[in-house]
Amino acid sequence: VPKKKSIGPSHVDYCTSPEDGIWYPDKLDLTLTWKGGPKAWDKSGEQEFDPFRLNHAWVVNYFTEPAKEEKLRQFLMQPGKDCVAGTRSNIALATQQDRPKWLSKVGYLSFGKMRSYPHTQLRNLCTALMEKELPLGCDDVQTLLRMVIYHVGGLDWDEGSKSIHLSWKTDLFRGDFAVGLFEVVHTLVDELKENISHYKSALILGEIVGF
């Protein structure tokens, strides 16, 4: 059996055709590179790049449901506790000039803080419903509330029960909190059930109860 070093060219300078084999520098890590496709967004100047090495913030932004009010979009995104800036909860307070006319000042601040931090979302939801801070029939408000209840978020391993639980929804598994949230929603449903004009508000409350 011939030794592998005796097969093919002995130096990369002598690799002139596919039949000469593949040259691979042993001291370099194997990486995937791409020069881009025909689309403008699939370019990185003249440099090669890894098309699968995505920035987490880009992924979150791409998969976040868009708001009808462009300036409210930033409040819908929630990239997770490790990627949230400590000043996130102050954005609404500092940008009150951007408040849509259909939102009150209190409503705008409530909208802005709802998803500020992943582990406080359900508490913010309960407070907003109890204090009636948000117009529940508005499309952007309903999009926000659906994200609060349906976004799975982080997963944690519970060593005691040997099971996985939803770290963003920890409050929901506390009996007193779940009962309190149900009572708040039940009260709102009683107030709205005789008012046909608020049917859209009743629909989102139904989704919250179902959740």
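Which residues do ring pairs link into a cluster? In this predicted model, the cluster consists of Phe75, Tyr108 and Phe111. The count of aromatic pairs comes to four. One of them joins Phe75 and Phe111 in an edge-to-face arrangement. The ring centres lie 6.3 Å apart, and the planes make an angle of 70 degrees. This pair links distant parts of the chain, with Phe75 in helix H2 and Phe111 in helix H4. The two residues are 36 apart in sequence. Phe75 has a relative accessibility of 0% and therefore counts as buried, the limit being under 20%. Phe111 is likewise buried, with a relative accessible area of 0%.

A second edge-to-face pair is formed by Tyr150 and Phe211. Here the centres are 6.4 Å apart and the planes stand at 90 degrees. Tyr150 lies in helix H6 and Phe211 in the segment after H8, so the pair ties together parts 61 residues apart in sequence. Tyr150 counts as partly exposed, at 45% relative accessibility. Phe211 is also partly exposed, at 36%.

Phe111 also figures in the nonpolar core. In soluble globular proteins, nonpolar side chains tend to be buried together. The largest nonpolar core in this model holds 31 residues. Phe111, Leu125 and Leu129 touch the most other members. Six helices each supply at least two residues of this core: H2 (73-76), H4 (105-114), H5 (121-131), H6 (139-150), H7 (175-192) and H8 (199-210). Beyond its neighbours within four places in sequence, Phe111 is in contact with Leu72, Phe75, Leu76, Leu103 and Leu134. Asp140, Val141 and Leu144 complete the list of these contacts.

Nonpolar side chains also appear on the surface. Val152, Leu155, Trp157 and Ile164 form a nonpolar patch there. Together they have about 440 Å² of accessible area. Val152 is found in the loop between H6 and strand E1 (155-158). This residue is partly exposed, with a relative accessible area of 46%.

How many salt bridges does a search of the whole structure find? The search finds eight. One of the bridges joins Lys71 and Asp98, whose closest N and O atoms are 3.3 Å apart. Lys71 sits in the loop between helix H1 (56-63) and H2, and Asp98 in the loop between helix H3 (91-94) and H4. The partners are 27 residues apart. Lys71 is partly exposed at 49% relative accessible area. Asp98, at 22%, also counts as partly exposed.

Asp171 and Arg123 meet in another salt bridge, with an N to O distance of 2.6 Å. Asp171 is in the loop between strand E2 (163-166) and H7, whereas Arg123 belongs to helix H5. This pair links parts of the chain 48 residues apart. Is each partner buried or partly exposed? Asp171 is buried, with a relative accessible area of 6%. Arg123 is partly exposed, with 43%.

Lys132 and Glu191 form a further salt bridge, in which the closest N and O atoms are 2.9 Å apart. Lys132 lies in the loop between H5 and H6, and Glu191 in helix H7. These distant parts of the chain are 59 residues apart. Glu191 counts as partly exposed, at 41% relative accessibility. Finally, Lys68, Asp139 and Lys200 are linked in a network of salt bridges.

Definitions and conventions:
Residues are numbered from 1 along each chain as its sequence is written. This is a predicted model: local features need pLDDT of at least 70, side-chain atom pairs count only at pLDDT 80 or more; totals for chains, interfaces and linings use all residues. Side-chain values use heavy atoms; hydrogens and water are left out. A nonpolar core is a set of buried Ala, Val, Leu, Ile, Met, Phe, Trp, Tyr and Cys residues joined through side-chain atoms within 4.5 Å. Buried means under 20% relative accessible area, exposed over 50%, partly exposed in between (1.4 Å probe, protein chains only). Helices (H or I, at least four residues) and strands (E, at least two) are DSSP runs, numbered from the N terminus. Contact means heavy atoms within 4.5 Å. Rings of Phe, Tyr and Trp (its six-membered ring) pair if their centres lie within 6.5 Å; planes under 30 degrees apart count as stacked, over 60 as edge-to-face and the rest as tilted. Patches are made of residues with over 30% relative accessible area and no salt bridge: like charges are joined within 9 Å, nonpolar side chains (Val, Leu, Ile, Met, Phe, Trp, Tyr) within 5 Å. Accessible areas come from the Shrake-Rupley method with a 1.4 Å probe; for residues, only the protein chains shown count as cover. A salt bridge is a side-chain nitrogen of Lys or Arg within 4 Å of a carboxyl oxygen of Asp or Glu.
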